[in-house]
Amino acid sequence: MATLPVYRWRLAPDGYATRRQLRARNLRPGGQDVAAQLERPRRRRGPLVAYLYRVDLALPVRPMTPGRWAALAKANAARRTCPTCRRDAGYVIPTSLGMCVPCAYPDPHGSEGNT
């Protein structure tokens, strides 16, 4: 098994990019293996590691099809729908609550309570 070349933070040679850098150029790794890694030293902890891919082997990002747009819209709608009251909350339901805020913290005085 070959070891990956390791570069210090911000000192990687040209021709390598992280996933985010590839995406900013409208590219994707395209099935290639990690080509190198960056390490940023930290005090009292292990180093931060970022994996690098070769830019010349990267492929263009696949375009969004109407089916993908529909699936994404359905997934986002599911994240906004409260499982308790089944209403669209208008925001993504917090996973810490598991339901919309009015269901998680009902008003003890009703809608006409004193403030």
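The following exercises, with worked solutions, concern the strands, salt bridges and surface of this structure.

The model is predicted, so local features need pLDDT of at least 70 and side-chain atom pairs count only at pLDDT 80 or more, while totals for chains, interfaces and linings use all residues. Residues are numbered from 1 along each chain as its sequence is written, and side-chain values use heavy atoms, with hydrogens and water left out.

**Exercise 1. The sheet**

Determine the order of the strands in the open sheet, and state which strands are at the edge.

Solution.
- Step 1. Strands are DSSP runs of E with at least two residues, numbered from the N terminus; helices are runs of H or I with at least four.
- Step 2. Two strands pair if DSSP finds at least two bridges between them.
- Step 3. The open sheet has 4 strands in the order β1-β4-β5-β2, and its pairing is mixed.
- Step 4. The edge strands are β1 and β2 (16–17), each of which pairs on one side only.

**Exercise 2. Pairing around β4**

Describe how β4 pairs with β1 and with β5, and give the partners of Glu-39.

Solution.
- Step 1. Strands of a sheet pair through backbone hydrogen bonds, either parallel or antiparallel.
- Step 2. Strand β1 (residues 6–8) and strand β4 (residues 36–42) run parallel and are joined by 3 bridges.
- Step 3. Between β4 and β5 the direction is antiparallel, with 6 bridges.
- Step 4. Glu-39 in β4 stands opposite Arg-8, and its bridge partner in β5 is Val-49.
- Step 5. Leu-38 faces Ala-50 in β5.
- Step 6. The hairpin of β4 and β5 has 2 residues between the strands, and Arg-44 takes a positive phi near 65° there.

**Exercise 3. Salt bridges**

How many salt bridges does the structure hold, and which residues form them?

Solution.
- Step 1. A salt bridge is a side-chain nitrogen of Lys or Arg within 4 Å of a carboxyl oxygen of Asp or Glu.
- Step 2. The structure holds 2 salt bridges.
- Step 3. One joins Arg-54 to Asp-56, with the closest N and O atoms 2.7 Å apart.
- Step 4. Another joins Asp-88 and Arg-80, at 3.4 Å from N to O.
- Step 5. For accessibility, buried means under 20% relative accessible area, exposed over 50%, and partly exposed in between (1.4 Å probe, protein chains only).
- Step 6. Arg-54 is partly exposed because its relative accessible area is 33%, whereas Asp-56 counts as exposed at 55%.
- Step 7. Arg-80, at 27%, is partly exposed, and Asp-88, at 51%, counts as exposed.

**Exercise 4. Surface patches**

Identify the residues of the positive patch and of the nonpolar patch.

Solution.
- Step 1. Patches are made of residues with over 30% relative accessible area and no salt bridge; like charges are joined within 9 Å, and nonpolar side chains (Val, Leu, Ile, Met, Phe, Trp, Tyr) within 5 Å.
- Step 2. Accessible areas come from the Shrake-Rupley method with a 1.4 Å probe.
- Step 3. Arg-10, Arg-40, Arg-42 and Arg-45 gather in a surface patch of positive charge.
- Step 4. Arg-45 lies in strand β5 (residues 45–54) and counts as exposed because its relative accessibility is 57%.
- Step 5. Leu-4, Val-49 and Tyr-51 make a nonpolar surface patch of about 250 Å².
- Step 6. Leu-4 belongs to the segment before β1 and counts as partly exposed at 33% relative accessibility.

Notes: Lys, Arg positive; Asp, Glu negative; His and termini not counted. Charge placed at Lys NZ, Arg CZ, Asp CG, Glu CD.
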